[in-house]
Amino acid sequence: MMQFIEWTTQMSVGSDVLDGHHKMIIECLNRLYPLIGAVGRDAEIHAVLAKLEDFVLVHFSEEEQCMKKGGYLDWQAHKEQHDKMYDIVFGLKSDVEHGRELDAKKLFDIIYNWLLQHILKEDKKYEKFINNTVNDPHGVWVRSNGRPY
Ligand SMILES: [Fe+2]
Ligand SMILES: [Fe+2]
């Protein structure tokens with residue numbers, strides 16, 4: 001199958017689990033690429049959207065937990081970006097459920113412009129924190145109930 005893009009170690013964010021999720025996004029792009037402009041491939045396009053739903057549900061919360069644990073101070077701004085993407089993906093899901101056609105190019109562009117760029121620019125910023133297991137010395141990440149995150 002024609003590969004549009006390949007995962008490289010330069011895309012690594014320092015966590016095998018999170019890298020594994022990101023590879024799923026690369027796979028989505030590669031699955032969509034040959035569907036652009038093709039006819040009668042709705043089932044395959046919908047299957048990619050289903051993968052994307054899994055991704056935003058599993059990956060975003062996992063990543064947010066890792067950022068908090070690692071003491072990455074900008075995690076809330078990062079989470080806001082996740083929330084926007086979440087709304088976009090579940091908006092598409094709702095459109096499809098209401099019988100609206102989902103164009104492969106539209107889905108491809110969303111993943112490419114939004115998500116891949118997010119991974120390469122924003123996710124990369126937490127890389128040096130992600131394996132940091134030391135508790136934050138300033139106690140910023142203590143919940144209101146006194147327990148650390
Ligand atoms: Fe990510
Ligand atoms: Fe992220």
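## How H2 and H3 cross

H2 and H3 pass each other in a left-handed crossing. In this predicted model, their axes approach within 10 Å and cross at roughly 160 degrees. That angle is over 145 degrees, so H2 is roughly antiparallel to H3.

Which residues of H2 and H3 meet? On the H2 side they are His46, Leu49, Leu52, Glu53, Val56, Phe60, Glu64, Met67 and Lys68. Facing them in H3 are Trp75, His78, Lys79, His82, Met85, Tyr86, Val89, Leu92, Lys93 and Val96. If you are scanning such lists for spacing, it helps to recall that an α-helix has 3.6 residues a turn, so residues three or four places apart point the same way.

## How H3 and H4 cross

H3 also passes H4 in a left-handed crossing. Here the axes come within 12 Å and cross at roughly 165 degrees. H3 and H4 are therefore roughly antiparallel to each other.

From H3, the contact is made by His78, Gln81, Met85 and Ile88. H4 contributes Ile110, Trp114, Leu115, His118 and Glu122 to the contact. His78 and Met85 deserve a second look: they appear in the contact with H4, and they also appear among the H3 residues that meet H2.

## The chain as a whole

Stepping back, the chain holds four helices and zero strands. Read from the N terminus, its elements run α-α-α-α. Of the 149 residues in the chain, 19% are buried.

How much of the contact map is long-range? Taking contacts in the chain with a separation of 6 or more, 76% are between residues 24 or more positions apart.

## H2 and H3, one at a time

H2 has 29 residues and spans 41 Å from its first C-alpha to its last, close to the 42 Å expected at 1.5 Å a residue. Its buried residues are Ile45, Val48, Leu52, Phe55, His59, Glu63, Cys66, Met67 and Gly70, and these pack against H1, H3 and H4. Just after H2 comes Gly71, with a positive phi of about 80 degrees.

H3 has 23 residues and reaches 32 Å between its first and last C-alpha atoms, close to the expected 33 Å at 1.5 Å a residue. The buried residues of H3 are Trp75, Met85 and Val89; they pack against H2 and H4. Just after H3, Gly99 takes a positive phi of about 85 degrees.

## The nonpolar cores

The largest nonpolar core has 16 residues. Those with the most contacts inside this core are Ile25, Cys28, Leu32, Val48, Leu107 and Ile111. Each of helix H1 (16–32), helix H2 (42–70), helix H3 (75–97) and helix H4 (104–125) supplies at least two residues of this core. Which helix gives the most? H4 does, with six residues.

A second, separate core has seven residues, including Leu18, Met67, Trp75 and Tyr126. Two of these names have already come up: Met67 is a buried residue of H2, and Trp75 is a buried residue of H3. Met67 and Trp75 are also listed where H2 and H3 meet. Back in the largest core, Ile111 touches Ile25, Cys28, Leu29 and Leu116, leaving aside residues up to four places away in sequence.

## Lys69 and Ile130

Is Lys69 buried or partly exposed? Lys69 lies in helix H2 and has 19 C-beta neighbours inside 10 Å, so it counts as partly exposed; burial would take 20 or more. Lys69 and Asn131 are 62 residues apart in sequence, while their C-alpha atoms are 8.9 Å apart in space.

Ile130 sits in the segment after H4. With 19 other C-beta atoms within 10 Å, Ile130 is partly exposed. Ile130 touches Val13, Gly14, Ser15, Cys66 and Gly70, not counting residues up to four places away in sequence. Among these partners, Cys66 and Gly70 are buried residues of H2. Ile130 and Leu18 are 112 residues apart in sequence and 10.0 Å apart in space, C-alpha to C-alpha; Leu18 belongs to the second core.

Terms used
Residues are numbered from 1 along each chain as its sequence is written. Chains are lettered from A and ligands numbered from 1 in the order in which they are written. This is a predicted model: local features need pLDDT of at least 70, side-chain atom pairs count only at pLDDT 80 or more; totals for chains, interfaces and linings use all residues. A nonpolar core is a set of buried Ala, Val, Leu, Ile, Met, Phe, Trp, Tyr and Cys residues joined through C-beta atoms within 7 Å. A residue is buried if 20 or more other C-beta atoms lie within 10 Å of its own, exposed if 12 or fewer, and partly exposed in between; C-beta atoms are placed from the backbone. Two residues are in contact if their C-beta atoms, placed from the backbone, lie within 7 Å. The expected span of a helix is 1.5 Å times one less than its number of residues. Axes are lines fitted to C-alpha atoms, for helices over the stretch in contact, and angles run from 0 to 180 degrees between N-to-C directions. Angles under 35 degrees count as roughly parallel, over 145 as roughly antiparallel, 65 to 115 as roughly perpendicular and the rest as oblique. A crossing is left-handed if the near helix is turned anticlockwise from the far one by less than a right angle, and right-handed if clockwise.
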